[in-house]
Amino acid sequence: MRLSRYFLPILREVPKEAEIVSHRLMLRAGMVRQESAGIYAWLPLGLRVLNKVCAIVREEQNRAGAIELLMPTIQSADLWRESGRYDDYGKEMLRIRDRHEREMLFGPTNEEMITEIVRGYVKSYKSLPLNLYHIQWKFRDEVRPRFGVYRSREFLMKDAYSFDLDAEGARHSYNKMFVAYLRTFSRMGLKAIPMVADTGPIGGNLSHEFIILASTGESEVFCHADYLDKAVPGAGTDFEDRAGLQGLVDQWTELYAATSEKHDSDAFGAIPEPRRLAARGIEVGHIFYFGTKYSAPFGAKVQGPDGAEHMIHMGSYGIGPSRLVAALIEASHDEAGIVWPEAVAPFRVGILNLKTGDSATDAACEDLYARLVAAGIDVLYDDTDERAGAKFASADLIGLPWQILVGPKSLAAGKVELKRRVDGTRELVSPDDVLERLT
Ligand code: ATP
Ligand code: MG
Ligand code: MG
Ligand code: MG
């Protein structure tokens with residue numbers, strides 16, 4: 001992409017309405033624009049990051065055996081009357097009437113709809129287990145939308161729903177998502193800690209919130225500091241190996257980690273003092289086993305191997321990709337701007353033409369640009385006639401992990417400068433070496 005032809009509305013001033021750093025930087029870097037309270041347009045740069053986050057989420061869901069579909073945003077009120085949640089949900093639900101005065105709603109979640117779909121088709125245990133997910137916009141009329149896309153009213157959610165014959169099967173499905181979540185967040189360069197979370201009236205301990213520690217987080221959390229250095233299960237993990245998977249989940253739950261609702265001060269006190277971590281965190285994912293809570297009212301049952309009918313055991317598993325974009329910035333930024341981990345950077349590489357109009361510099365940039373594009377690398381070429389200083393500032397603000405600085409002085413020696421955003425280190429290298437390094 002050539003910057004001169006891109007749409008990147010960078011703001012030089014710090015927007016005063018933004019209270020936290022991710023919100024400020026997302027506005028300054030031209031990633032999002034507020035359209036109404038808690039409702040955002042994703043501008044091209046922001047959309048690139050959101051899409052990269054979704055791609056990782058999708059890959060790890062698929063790896064764990066979940067299957068993607070797409071349900072609508074608008075749902076009928078009748079569906080929610082079947083579960084009894086239409087009245088319970090309260091003001092967070094955006095209720096709509098169509099031209100025939102039919103009661104509709106903008107979905108805040110999809111347990112009802114997916115249960116209705118599965119009820120319609122699945123009749124035998126032979127069709128199970130099943131895990132279906134989608135990545136779709138949700139609407140929740142939050143009392144206090146704030147912090148930009150961190151707590152918005154319209155937001156993107158990946159929500160998966162598992163269906164099993166019995167509780168043991170459902171436990172395995174839960175474990176698959178647990179491990180998939182560890183891998184998902186780690187691939188984005190985040191340390192997400194699974195913390196025991198409230199299960200409400202269903203009880204049991206099969207609910208975990210995945211929390212990123214950050215001073216701006218809205219949750220109060222308590223955990224053993226060892227979680228920060230734990231190795232995440234590899235890509236070769238066998239998701240069908242029940243015992244193996246249970247072992248991984250056991251390893252990741254044996255140390256204390258809980259959100260404030262489930263906090264047990266005695267258990268926390270038993271952690272050696274220097275390893276006790278009481279902090280604030282951002283909920284980026286939430287997994288939940290809820291048994292037959294929805295299958296029972298919906299009559300979603302299958303015939304078991306014994307010939308009898310069994311209510312399906314279900315779980316649901318959410319991740320907030322739009323909130324994750326904010327969480328990624330909260331976790332990785334400096335005074336100059338965003339520091340994207342490579343896996344989610346909007347562009348992995350920037351080329352900064354430090355003397356646009358100088359024929360040798362232009363030619364060297366064009367050549368590098370063409371070769372990087374041909375190698376399939378996401379590259380943003382700053383071919384504008386801005387001052388060099390402004391180009392450095394923009395590339396750092398939008399957080400490009402690798403920046404190639406091309407100017408007449410180093411070119412005279414057959415070199416360009418390769419700068420790493422994460423530590424600011426610069427190295428003089430030949431264009432051929434740059435290509436080798438980045439491909
Ligand atoms: P919170 O406690 O922050 O209100 P929640 O517990 O209500 O979140 P869930 O129903 O567990 O949210 O939804 C799954 C995921 O969707 C959350 O873990 C979060 O990542 C994301 N999410 C929920 N609400 C919002 C929101 N208002 N804006 C952005 N993302 C959200
Ligand atoms: Mg909520
Ligand atoms: Mg929550
Ligand atoms: Mg939650």
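This report describes selected helices, a strand hairpin, a metal site and a ligand site in a predicted model.

## Basis of the model

The model is predicted: local features need pLDDT of at least 70, side-chain atom pairs count only at pLDDT 80 or more, and totals for chains, interfaces and linings use all residues. Residues are numbered from 1 along each chain as its sequence is written, chains are lettered from A and ligands numbered from 1 in the order in which they are written, and side-chain values use heavy atoms, with hydrogens and water left out.

## Helix α1 and the hairpin that follows

Helix α1 spans residues 21–28, and 7 of its 8 residues are buried, so the helix is largely enclosed by the rest of the structure. Buried denotes under 20% relative accessible area, exposed over 50%, and partly exposed the range in between (1.4 Å probe, protein chains only). Helices (H or I, at least four residues) and strands (E, at least two) are DSSP runs, numbered from the N terminus. The buried positions of α1 are Val21, Ser22, His23, Leu25, Met26, Leu27 and Arg28. Their cover includes β1 (32–36), β2 (39–42), α10 (321–331), β17 (333–334), β18 (337–338) and α12 (388–397).

Gly30, just after α1, has a positive phi of about 65 degrees. Strands β1 and β2 run antiparallel and are joined by 4 bridges; pairing requires at least two DSSP bridges between two strands. Ser36 stands opposite Ile39 in β2. The hairpin has 2 residues between its strands, and Gly38 takes a positive phi near 70 degrees there.

## Helix α10

Of the 11 residues of α10, 10 are buried, so this helix too is largely enclosed by the rest of the structure. Among the buried residues are Arg323, Leu324 and Glu330. Arg323 is also one of the closest residues to ligand 1.

## Metal site

Glu283 (OE) and His286 (ND1) coordinate the magnesium ion (ligand 4) at 2.1 to 2.3 Å. Donors are N, O and S atoms within 2.8 Å of the metal (3.2 Å for Na, K and Ca), and water is not among the atoms, so sites may look incomplete. The magnesium ion (ligand 3) is 3.1 Å from the magnesium ion (ligand 4), and Glu283 coordinates both. Glu283 is partly exposed at 25% relative accessible area, and His286 is likewise partly exposed at 21%.

## Surroundings of ligand 1

Ligand 1 is surrounded by 14 residues, the closest being Glu142, Arg151, Ser152, Glu283 and Arg323; a residue is included if one of its heavy atoms lies within 4 Å. One nitrogen atom of ligand 1 lies 2.8 Å from a polar side-chain atom of Glu142. A polar backbone atom of Ser152 is 2.8 Å from a nitrogen atom of ligand 1. His286 places a side-chain N or O atom 3.1 Å from an oxygen atom of the ligand. Taken alone, ligand 1 exposes 580 Å², of which the protein buries 81%; accessible areas come from the Shrake-Rupley method with a 1.4 Å probe.

## Glu60 and Thr199

Glu60 belongs to helix α2 (residues 44–63) and is buried, with a relative accessible area of 0%. Its side chain makes a polar contact with the side chain of Arg183 at 2.9 Å. A polar contact is a pair of N or O atoms within 3.5 Å; within protein, one must be able to donate a hydrogen and the other to accept it, and residues adjacent in sequence count only if both atoms are side-chain atoms. Beyond its neighbours within four places in sequence, Glu60 is in contact (heavy atoms within 4.5 Å) with Ala180, Arg183, Thr184 and Arg187.

Thr199 lies in the loop between β9 (192–196) and β10 (207–213) and is buried, at 5% relative accessible area. Thr199 and Lys262 are 63 residues apart in sequence, with 9.4 Å between their C-alpha atoms.
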